[in-house]
Amino acid sequence: CAPPAPPPTTSPCGLRSISVGVGALGLGYPSPETIVFRYCGGECPTPPTLHGLALGAVLGPGGAGGGPC
């Protein structure tokens, strides 16, 4: 009998959302506004996009794939 397969270390690619303060986007000015930032997360094998780079600034390294779901 073979041992059970280990659980996946990454989540599948899918649409995620997070509420982000506009000031956290690094646009150079403070703002009390909050936006809902939608992005693809998990195993999304695509080249980096401007959207993905902006999201990386908000979520940190490895936080988003930046490609279409």
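Colleague: How much accessible surface does the protein chain have, and what share of that surface belongs to carbon and sulfur atoms?

Modeller: The accessible surface of the protein chain comes to about 4,900 Å², and 64% of that area belongs to carbon and sulfur atoms. Please keep in mind that this is a predicted model, and that the values we discuss are computed from it.

Colleague: Which helices and strands should I look for, and in what order do they run?

Modeller: The protein chain has one helix and two strands, and if you start at the N terminus and follow the chain, you will meet them in the order β-β-α.

Colleague: How many of the residues count as buried?

Modeller: A residue is called buried when its relative accessible area is under 20%. In the protein chain, which has 69 residues, 20% of them count as buried.

Colleague: What share of the contacts joins residues that are 24 or more positions apart?

Modeller: Here one looks at contacts with a separation of 6 or more along the sequence, and in the protein chain 44% of these are between residues 24 or more positions apart.

Colleague: Let us turn to single residues. Where is Ser 31, and is Ser 31 buried or exposed?

Modeller: Ser 31 lies in the loop between β1, residues 14-21, and β2, residues 34-41. Its relative accessible area is 18%, so Ser 31 counts as buried, since the cut-off for that word is under 20%.

Colleague: What does Ser 31 touch, and what does its side chain reach?

Modeller: If we do not count residues up to four places away in sequence, Ser 31 touches Val 22 and Gly 23. The side chain of Ser 31 also reaches the backbone nitrogen of Glu 33, at 3.2 Å.

Colleague: Which residues is Ile 35 in contact with, and how is its accessibility described?

Modeller: Ile 35 is found in strand β2, and because its relative accessibility is 31%, it counts as partly exposed. Leaving aside neighbours within four places in sequence, Ile 35 is in contact with Ile 18, Ser 19, Val 20, Val 22 and Leu 25. You can also follow the backbone, where the C-alpha atoms of Ile 35 and Gly 21 are separated by 6.4 Å, although these residues are 14 residues apart along the chain.

Colleague: Where is Gly 52, and why does Gly 52 count as buried?

Modeller: Gly 52 has its place in helix α1, residues 50-59, and it counts as buried because its relative accessibility is 14%. Between the C-alpha atoms of Gly 52 and Gly 41, which are eleven residues apart along the chain, the separation is 9.9 Å.

Technical notes. Residues numbered from 1 in each chain as written. Predicted model: local features only at pLDDT ≥ 70, side-chain atom pairs only at ≥ 80, totals over all residues. Heavy atoms only, no water. Helix = DSSP H or I, 4+ residues; strand = E, 2+ residues; numbered from the N terminus. Buried < 20%, exposed > 50% of the residue type's maximum accessible area, 1.4 Å probe, protein only. Contact = heavy atoms within 4.5 Å. Areas by Shrake-Rupley, 256 points an atom, 1.4 Å probe, with all protein chains shown as cover. Polar contact = N/O pair within 3.5 Å; in protein donor to acceptor, adjacent residues only side chain to side chain.
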